[in-house]
Amino acid sequence: MRANPSITTQPDRIAGIVGPVLSVDGLTTSFLVDGVWKSVVRNVSFEVMPGETVAIVGESGSGKSVTSLSIMRLLAKATSRIEGSVILNGQNLLSLSDRQMRDIRGNDVAMIFQEPMTSLNPIFTIGRQISEALTCHSTMSQPEARAETIRLLEKVRIPNAAARFDEYPHQFSGGMRQRVMIAMALASRPKLLIADEPTTALDVTIQGQILDLIKVLQEEEGMAVLFITHDMGVVAEVSDRTIVMYRGEAVESGPTADIFHRGQHPYTRALLAAVPRLGSMQGRNWPLRFPIVDIKTGETTIPIEVADTVDKRKTPILEVRNLTTRFDIRTGLFSRKTGAIHAVENVSFDLFQGETLSLVGESGCGKSTTGRSITRLVQPNSGEVLLDGYNVLNLDPIALRNMRKSIQMIFQDPFASLNPRMSIDATIAEPFIAHRLGTQKQAREKAVDLLERVGLSADMFSRYPHEFSGGQRQRIAIARALSLDPKVIVADESVSALDVSIKAQVVNLLLDLQQNFNLSFLFISHDMAVVERVSHRVAVMYLGEIVEIGPRAAVFNNPQHAYTKTLMDAVPIPDPARRAIKRNTVTTELKSPVRPVDYEIPQRAYLEVTKGHFVQQ
Amino acid sequence: MYTYIGKRLLLAIPTLIIISIFAFSLQKLLPGDPILAMAGEERDPQVLEFLRDKYRLNDPVIVQYFYWIGSVLRGDFGISLRTNQPVLSLIAEKLPVTIQLAVMAMTFAFAIGVPIGIVAAVKKNTVVDYIANIVALSGLSVPNFWMGIMLILLVSVKLGWLPASGYEPFFRDPIRSLQTMIMPAFVLGLALAATLMRHTRSSMLTVLGADYIRTARAKGVSERSVILRHTFRNALLPIITMTALLFGELLAGAVLTEQIFTIPGFGKLIVDAVFNRDYAVVQGVVLCTGAGFILMNLVADVLSILLNPRMRAAL
């Protein structure tokens with residue numbers, strides 16, 4: 001690793017000597033939809049200099065991924081049409097034959113993708129898949145390819161590379177698979193690497209490692225990187241120049257710092273306004289709405305301050321004591337129990353009326369299982385949950401049904417959580433009718449009212465889920481959750497799948513609803529920046545346990561537990577000035593909460609740092 | 001792996017018991033009295049009573065079942081009422097015929113159905129795909145017996161290339177055996193080929209849409225290798241399962257085809273037995289084909305595990 005990366009990646013200086021690696025001019029890509037050609041990328045032009053990183057940023061449907069796939073010519077030929085020119089090293093890729101293009105792919109330009117879990121072929125060993133990238137472009141012999149593959153695996157810092165050559169993709173974690181993908185892309189020392197959302201599906205600490213790895217490898221190999229992402233934090237961390245795409249067009253491009261500080265286009269400003277920034281809540285007591293920028297005019301609406309909704313005088317609406325949920329692992333002829341996943345281990349917290357408590361942590365930390373255990377969607381092993389007068393874990397089926405009126409859930413995927421064959425009025429009215437709270441007519445009136453409260457218009461009433469966008473669907477899911485007038489809402493990654501601008505709107509909506517209905521939220525999320533924005537208190541979970549819990553300001557300004565610190569350090573900061581800062585390239589993996597049968601649960605003690613701020617010893 | 005197979009074999013026991021109960025109750029459910037069928041012209045009540053006693057038909061049904069299942073477990077499937085041969089030796093005689101027919105039919109089905117399925121998937125929504133689909137649909141729709149008769153007319157009667165009917169055990173005269181079997185196997189295989197083709201096509205299309213196929217293309221792998229190595233190897237898993245299940249069905253015998261080509265297989269055996277109220281044979285054959293089907297199911301599952309590294313590792 002070189003001490004000062006900015007010298008080697010100085011694009012302007014190199015540009016004077018050699019031409020761009022990639023030069024895209026007037027790129028227009030159309031898809032054949034129902035017999036009509038519809039353009040999804042229109043007239044996009046940009047250049048990538050040797051050693052430079054260019055980011056294309058945009059929300060879903062902006063055409064950023066289609067742009068990258070057009071460059072690689074990986075779109076289905078029968079249903080797509082690419083116009084314009086894509087010059088790579090002086091060669092127009094769009095005029096090459098399929099055979100010639102195949103020689104370019106994986107050789108001069110390589111690509112890594114968003115989904116490391118599904119981007120590797122499950123039935124071939126990873127060694128074989130990497131060496132294939134070597135052998136299909138050269139006459140390298142098998143032993144040579146093997147040696148080179150091991151070298152590549154070491155280069156992407158996969159521990160114990162030689163031993164892992166013959167392992168299959170499922171034996172690797174998400175982060176490790178992405179390293180394998182990178183190794184494969186580097187195989188033929190490409191001049192250009194296209195990285196299409198390479199860290200979006202990864203946990204935040206793993207994302208930090210992969211971003212650093214790409215930066216280091218870029219220096220070592222001297223390649224140019226075209227980085228596709230929706231995450232402004234990632235853009236700020238990696239790119240020299242940035243292109244903002246909106247609805248198929250490049251609306252703005254320029255040096256990254258200029259885009260961030262002097263963005264001209266209203267959309268750029270809207271996008272940046274909606275980006276949650278870690279540390280932006282210093283000195284504030286309550287959650288804060290996002291400012292909303294009008295995409296047409298660029299005018300910013302200053303958010304209204306939220307009121308203090310928390311009522312700590314009454315007893316907590318939700319009390320969780322020593323909650324433990326384990327999933328047995330059974331193997332062998334007679335399904336003997338050989339271990340257990342300690343998904344939730346001795347978790348205790350209170351939630352007051354009008355309060356938002358966030359559970360944060362990375363995948364497998366048990367935050368979702370905690371939410372499901374409280375609503376008894378999974379059966380906890382032990383503990384006590386007191387919700388609005390119900391002793392949740394001891395309820396008979398009828399009482400359990402009644403209890404669910406007090407607690408409702410909103411899930412992550414707005415596409416999968418609505419029944420596609422039910423019109424939305426039926427969807428929203430269903431809980432009301434199922435609990436026999438009134439007549440069909442009342443249910444309908446209630447549904448109309450809720451629809452308006454979540455910001456949709458009543459005339460959308462009889463439509464079906466497919467007619468709505470992701471953000472609108474999440475609003476419908478929220479309306480459905482509200483139809484029973486619950487006291488507590490468990491929002492399980494409810495805004496994680498949404499685009500930034502939509503995310504900001506839905507967060508604002510949740511804050512409005514909290515104020516209007518005096519709701520308590522158990523906000524489950526991996527996104528530290530959003531959590532900072534919405535919560536009154538925060539609990540950090542690690543391997544099924546709460547390692548730190550306290551008022552939001554205390555946890556964020558004065559994190560005590562090592563894991564909390566790691567988590568916060570890993571969050572990309574949308575500030576280009578911090579670009580040179582690297583974390584470290586130490587390869588770590590998330591630990592697993594799988595324990596053997598004879599595992600002795602350690603006794604935990606909590607230390608009170610300041611009032612209400614506890615940290616596990 | 002062995003644990004898994006052991007577990008599956010244990011699980012097969014209750015299934016077999018249910019099949020045995022079903023096979024046994026056939027004789028109680030079907031109209032007609034086996035004793036009358038057996039006695040022929042004899043109508044002397046004493047004789048009939050003697051026969052009833054001899055075959056324990058006067059005992060309670062449950063007791064009869066346990067007598068029957070007890071002897072089955074000792075390898076005694078009873079005596080055919082019609083031919084007086086032990087049922088087991090009848091089955092042993094017909095089983096190789098049925099297996100040979102099934103293997104050959106399956107080979108045809110695989111050799112025809114899978115390549116066409118691959119081509120149809122690769123050339124999706126083109127003329128090639130449409131033709132493949134039409135052919136497959138015709139293969140499914142044309143009745144076996146019609147196809148069989150037409151083949152006999154053309155190949156045997158008109159051209160005289162192959163014998164129209166008959167059977168020759170494989171180990172006595174392999175060439176003659178293949179000659180007699182080739183037409184019935186083809187007829188049987190054609191319908192299965194259509195099923196396999198549709199299955200292969202949809203399985204290939206699913207895999208072609210997978211992210212790792214895009215990865216392979218981005219790597220610059222040749223299209224041939226993308227299709228055959230990366231896609232087909234993955235698409236094969238459900239095809240193998242399907243093949244094993246179809247094979248299990250073939251083991252039950254192909255009544256019509258066997259009749260047309262006069263092949264002495266399971267199909268012919270069971271039809272003859274049913275018409276003659278030869279219950280011991282019916283029961284034996286039903287039990288055997290049931291067991292065969294369970295076995296093929298197990299084979300299908302084991303194969304799909306062996307082909308899938310992830311499942312392999314889980315065992």
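In this predicted model, a good place to begin is the hairpin that β24(A) and β25(A) form with 2 residues between the strands, where G612(A) takes a positive phi near 80°. The two strands of this hairpin, β24(A) and β25(A) (residues 613-616), run antiparallel and are joined by 4 bridges, and across the pair E608(A) stands opposite F614(A) of β25(A). Strand β24(A) covers residues 606-610, and because the number of buried residues among its 5 is 0, the strand lies largely in the open.

The hairpin belongs to a wider arrangement in chain A, an open sheet of 8 strands with mixed pairing, whose order is β18-β19-β20-β15-β21-β22-β25-β24. At the edges stand β18 (407-410) and β24 of chain A, and since each has a single partner strand, one side of each is left without a neighbour in the sheet. From one strand to the next, the twist averages 20°. In general, the strands of a sheet pair through backbone hydrogen bonds, in either a parallel or an antiparallel sense.

Moving inward from the hairpin, β25(A) also pairs with strand β22 of chain A (residues 545-551), in the antiparallel sense and over 2 bridges, and here V615(A) in β25(A) is the bridge partner of E548(A). A helix of chain A, α21 (residues 562-570), packs on the sheet, where it touches β21 (537-542) and β22, and its direction makes about 100° with that of β21(A).

Chain B offers a packing of one helix against another. The axes of helix α5(B) (residues 87-122) and helix α13(B) (residues 279-307) come within 10 Å and cross at roughly 50°, an angle that makes α5(B) oblique to α13(B), and the crossing in which α5(B) passes α13(B) is right-handed. On the side of α5(B) the contact is made by V87(B), L90(B) and I91(B), while α13(B) brings A280(B), V281(B), G284(B), V285(B) and C288(B). By class, the residues of this contact divide into 7 nonpolar and 1 polar, with no charged residue.

There remains the meeting of the two chains, a contact that takes 26 residues from chain A and 21 residues from chain B. On the side of chain B that touches chain A, at least two residues each are supplied by α1 (2-29), α9 (211-219), α10 (223-251) and α14 (309-314) of chain B, and the largest share, 8 residues, comes from α9(B). That side of chain B has 6 nonpolar, 8 polar and 7 charged residues.

Definitions and conventions
Residues are numbered from 1 along each chain as its sequence is written. Chains are lettered from A and ligands numbered from 1 in the order in which they are written. This is a predicted model: local features need pLDDT of at least 70, side-chain atom pairs count only at pLDDT 80 or more; totals for chains, interfaces and linings use all residues. A residue is buried if 20 or more other C-beta atoms lie within 10 Å of its own, exposed if 12 or fewer, and partly exposed in between; C-beta atoms are placed from the backbone. Two strands pair if DSSP finds at least two bridges between them. Axes are lines fitted to C-alpha atoms, for helices over the stretch in contact, and angles run from 0 to 180 degrees between N-to-C directions. Angles under 35 degrees count as roughly parallel, over 145 as roughly antiparallel, 65 to 115 as roughly perpendicular and the rest as oblique. A crossing is left-handed if the near helix is turned anticlockwise from the far one by less than a right angle, and right-handed if clockwise. Two residues are in contact if their C-beta atoms, placed from the backbone, lie within 7 Å. Ala, Val, Leu, Ile, Met, Phe, Trp, Tyr, Cys and Pro count as nonpolar, Asp, Glu, Lys and Arg as charged, and the others, Gly among them, as polar.
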